[in-house]
Amino acid sequence: MKYFSLYRNSPEVSFKEAVIKGLAPDKGLYYPSEISKLPVNFFRRIEGLENETIAYEVIKQFIGDEIPENNLKQIITEVLSFEFPLVELDTRISSLELYHGPTLAFKDVGARFMARCLGYFNSKMVTKEEVTVLVATSGDTGGAVANGFYEVEGVDVVILYPSGKVSDIQEKQLTTLGKNIRAIEVDGTFDDCQTMVKRAFSDQDFDGKRNLTSANSINVSRWLPQMFYYFFAYKQLKSKGKELVFSVPSGNFGNICAGMMAQKLGLPVNHFVTGTNINNIVPEYLKTGSYLPKPSKATISNAMDVGAPSNFIRIQELYGNDLLELRKNLSGYSYTDTETIDAMQYLFNEKNYIADPHGAIGYLALEKYLRGKSNLEGVFLETAHPVKFQDVIPSEISEKITIPESIKKILNKEKKVKKLSTYEALKAYLLS
Ligand SMILES: *Cc1c(COP(=O)(O)O)cnc(C)c1O
């Protein structure tokens, strides 16, 4: 499969090259050059298929012959080694819990898939080159990437995170592993971290010295496996015979864009809804037609504190840059922290469900869209385990959260970080 740059000023590359490079030389995001619908027969028998089989059928066209069938199936089996339960909150709304992976984040799937693809390509190289994965995190990416790449041979991982703006558990997840995983605490915002990372990628002083690649959701091998979730939900709801609406709490818009790609492959989806916090660039764009990135603002749903959503350009491409077409398929609403807390309280009191702040925003947006549309069935994506956001969940609720074993283990481990705040310091550190 070939990938082209969305800035259309770079040569087409293979899947392998797109994974290793992350971004195209012209700084555009890579995008598949062909997208084929899955056979009708696949959807007819989907409820009888294992998750691994579904995932293989969905992803194989995006990889082509670059990873042999057996290796790809093995990668998928390792990546999907946990549950994706759909929890019914009432007759028409369910929560698709994507947080049962090793770091309790939906990003585990993409991070693990990417790590294993890179690991596979590395193992096939005649002269082994160290790859440095450089990534900025607003919270959940860091832990998922750290865990996914932990002990992967030939890959060194450097993670930048904004000091004091990630939760305790998130910080522990990325600062306590050691070995090939290094964490950098930046005195600044997530956008500052992302700016430093982007600058490093375009800095020619690294050429021939450090092989830098990205593990942010712009990497095609992190983005595309997120399509699986939507197929898994459809598989479980198909027998109800209703049309599906997916609501996705969004920051960089990689997850929802993967859902839209799933729809392009033929998955029957009636509509997508995005819920954001006050970093509402996309809901505002849908409303006004003006796309205005802004510096991000801190909220309690911090994994969505993104002021310039990097994957939105892929959504634009999917809809031929046609706002009217996009509006037919996507609605967006934004919520304040107070509304988010009220929603968590409501879900706890009325539905006996503990949601994290991101999932709560997904719920709010879904509930709003479904009002008065009785023919539709809704699923919101619950993207993180509530335990990771204990400090912002009302205490009456957070007391009821059972702490998973994987979290208990890391809480007592010692944090190891390097503190730095300028691009020059980062560069010196990476070149040393
Ligand atoms: C990353 C993240 C999101 C946003 O996902 P995008 O693909 O960036 O839109 C939402 N919720 C949680 C918990 C996350 O970690």
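Q: Buried means under 20% relative accessible area, exposed over 50%, and partly exposed in between (1.4 Å probe, protein chains only). How many of the 11 residues of helix α11 are buried?
A: This is a predicted model, where local features need pLDDT of at least 70, side-chain atom pairs count only at pLDDT 80 or more, and totals for chains, interfaces and linings use all residues. Residues are numbered from 1 along each chain as its sequence is written, and side-chain values use heavy atoms, with hydrogens and water left out. Helices (H or I, at least four residues) and strands (E, at least two) are DSSP runs numbered from the N terminus. Helix α11 covers residues 254-264 and is largely enclosed by the rest of the structure, because its buried residues number 10.

Q: Which residues of α11 are buried?
A: The list opens with Gly254, Asn255, Ile256, Cys257 and Ala258. It goes on with Gly259, Met260, Met261, Ala262 and Gln263.

Q: What phi does Gly266 take?
A: Gly266 comes just after α11. Its phi is positive, at about 115°.

Q: Which residues are the closest to the ligand?
A: In all, 15 residues surround the ligand (a heavy atom within 4 Å). The closest are Lys107, Gly251, Asn252, Phe253 and Thr383.

Q: How far from an oxygen atom of the ligand is a backbone N or O atom of Phe253?
A: A polar contact is a pair of N or O atoms within 3.5 Å; within protein, one must be able to donate a hydrogen and the other to accept it, and residues adjacent in sequence count only if both atoms are side-chain atoms. For Phe253, the atom is in the backbone and its partner is a ligand oxygen. They lie apart by 2.8 Å.

Q: How much of the ligand's accessible area does the protein cover?
A: Two residues of α11 also reach the ligand through the backbone. An N or O atom of Gly254 lies 3.2 Å from a ligand oxygen, and for Asn255 the distance is 2.9 Å. On its own the ligand has 390 Å² of accessible area (Shrake-Rupley method, 1.4 Å probe; for residues, only the protein chains shown count as cover). The protein covers 97%.

Q: How many salt bridges does the whole structure hold?
A: Side chains of opposite charge can pair when their charged atoms come close. A salt bridge is a side-chain nitrogen of Lys or Arg within 4 Å of a carboxyl oxygen of Asp or Glu. A search of the whole structure finds 21.

Q: Which residue forms a salt bridge with Lys60?
A: Lys60 and its partner both lie in helix α3 (residues 51-63), three residues apart, about one turn of the helix. Lys60 counts as partly exposed at 35%, and the partner is partly exposed at 21%. The closest N and O atoms are 3.2 Å apart, and the partner is Glu57.

Q: How far apart are the closest N and O atoms of Lys73 and Glu69?
A: The two share helix α4 (residues 69-79), four residues apart, about one turn of the helix. Lys73 is partly exposed at 36%. Glu69 is partly exposed too, at 43%. The salt bridge between them has its closest N and O atoms at 2.6 Å.

Q: Is Glu405 buried or exposed?
A: Glu405 forms a salt bridge with Lys408, with the closest N and O atoms 3.3 Å apart. Both lie in helix α18 (residues 405-411), three residues apart, about one turn of the helix. Lys408 is partly exposed, at 44%. Glu405 has a relative accessible area of 53%, so Glu405 is exposed.

Q: Which residues do salt bridges that share partners join into one network?
A: Here the bridges go beyond a single pair, because they have partners in common. The network joins Glu88, Lys240 and Glu377.

Q: Which residue's backbone nitrogen does the side chain of Gln170 reach?
A: Gln170 lies in helix α7 (residues 168-175). At 0% relative accessibility, Gln170 counts as buried. Its side chain makes a contact at 3.0 Å, and the backbone nitrogen belongs to Ser167.

Q: What is the relative accessibility of Arg8?
A: Arg8 is found in the loop between β1 (2-5) and β2 (13-14). Its phi is near 55°, a positive value in a residue other than glycine. Arg8 counts as exposed because its relative accessibility is 51%.

Q: What phi does Asn321 have?
A: Asn321 sits in the loop between α13 (312-318) and α14 (323-329). Asn321 counts as exposed, at 54% relative accessibility. Although Asn321 is not a glycine, its phi is positive, at about 55°.
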